[in-house]
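Trainee: I am new to this one. Please pick a single part and take me through it closely, with the reasoning included.

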Amino acid sequence: MNDQLQVECGPADDNGRRLVIAILGERSHRDYINTDLAFSREKFRSAVISKFGLPDDAHEHIESAIIASADEQDERPTSLWKADSVSIAEVETKSTEWLWQDYFPAGAIVVIDGDPGLGKSQLSVDLAARLSRGDAMPPITAPDNTYAPAGTLIVNGEDDPARTLRPRLDAAGAYVERVYLLRSMTLADGADQRAVMLPRDLPEVEQLIIDRGIRLAVFDPFVAFLDSTLSMNNDADVRRCLSEVATMAERTGCCVLLVRHLNKKSGLAVQYRGGGSIGITGAARAVFVVGVDPDDSDSRILAPVKNNL
């Protein structure tokens with residue numbers, strides 16, 4: 001039975017006391033003791049023997065196990081990291097700044113879900129055109145050029161720039177000098193080229209956002225630009241990536257719009273219909289889904305799924 005008894009010690013506190021746990025099958029005994037003091041170890045041994053109904057010769061085994069576990073814990077390297085905590089009373093509240101009032105927050109991630117062909121990309125084109133001219137966002141009405149014009153970065157992996165994107169922007173009346181297209185990354189010497197990958201290329205994307213006064217960055221579709229070493233369906237992968245994207249968005253004040261197709265799992269709640277991990281929905285401050293208006297097949301509805309503001 002002694003061979004089955006396990007003893008585990010935690011790190012010592014400033015007073016030399018530590019958590020010590022004895023485990024035997026499904027039973028356990030725990031106490032906070034100073035393992036450097038013989039009488040403390042003896043008290044713990046006696047309690048374990050009494051609780052587990054062990055013979056007196058178990059003292060030697062428990063004693064050795066306590067000392068060995070404590071020594072092993074003490075030999076572990078001290079972490080170079082410390083927990084940074086702050087009283088919530090020290091946090092100053094801030095009002096939300098909006099790219100599109102009550103819809104798209106500035107400096108945050110927004111997701112648009114929908115089946116192909118319903119106008120998700122067209123919506124981003126319309127927003128880019130309005131930003132480029134300094135026009136109001138729907139449904140607000142205001143004279144043209146009411147707001148300061150701003151740039152849009154379109155990172156698009158599906159639509160042809162010459163046959164699709166430029167004609168759509170022209171039709172929307174965009175001031176195209178303020179709309180930028182990013183499709184690939186090129187080595188400084190021009191010797192090689194590859195696709196944009198997140199979060200690997202975020203520093204370069206951030207610098208582009210700052211240099212060109214971009215307030216809206218569209219990744220369409222998001223899955224096309226996720227680093228190939230990461231899985232769209234892995235919650236940890238997605239959250240690590242989007243944590244860095246969210247931090248970049250907050251630093252720059254840019255709204256990052258992720259366009260996503262719906263999955264084929266019918267019957268689920270709408271928040272689970274977006275392709276990939278639910279972590280994408282979790283990382284976004286606002287999520288919308290595009291659908292066909294049931295009363296007018298030529299019209300589209302932009303319905304809110306999440307608004308965490």
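Mentor: First, a term: a helix here is a DSSP run of H or I at least four residues long, and helices are numbered from the N terminus. The model is predicted. As an example of the naming, Glu-75 belongs to helix α2, which covers residues 58-75. Glu-75 counts as exposed because its relative accessibility is 66%, and the cut-off for exposed is over 50%.

The part to look at closely is α6, residues 235-252. With 18 residues at 1.5 Å a residue, α6 should span 26 Å, and its end C-alpha atoms are 26 Å apart, so the two agree. The buried residues in α6 are Asp-237, Val-238, Cys-241, Leu-242, Val-245, Met-248 and Ala-249. They cover an arc of only 110 degrees around the axis, so they lie on the same side of α6. What do the buried residues of α6 pack against? Their partners are two strands, β6 (109-114) and β12 (255-261), and two helices, α5 (202-211) and α7 (278-283). On the face turned away from the buried side, α6 carries the exposed residues Arg-240, Glu-250 and Arg-251.

That leaves the two ends. At the N-terminal end of α6, Asn-234 acts as a cap, with a side-chain oxygen 3.0 Å from the backbone nitrogen of Ala-236. After α6 comes Gly-253, which has a positive phi, near 75 degrees.

Definitions and conventions: Residues numbered from 1 in each chain as written. Predicted model: local features only at pLDDT ≥ 70, side-chain atom pairs only at ≥ 80, totals over all residues. Heavy atoms only, no water. Buried < 20%, exposed > 50% of the residue type's maximum accessible area, 1.4 Å probe, protein only. Expected span 1.5 Å × (residues − 1). Arc of directions from axis to C-beta. Contact = heavy atoms within 4.5 Å. Polar contact = N/O pair within 3.5 Å; in protein donor to acceptor, adjacent residues only side chain to side chain.
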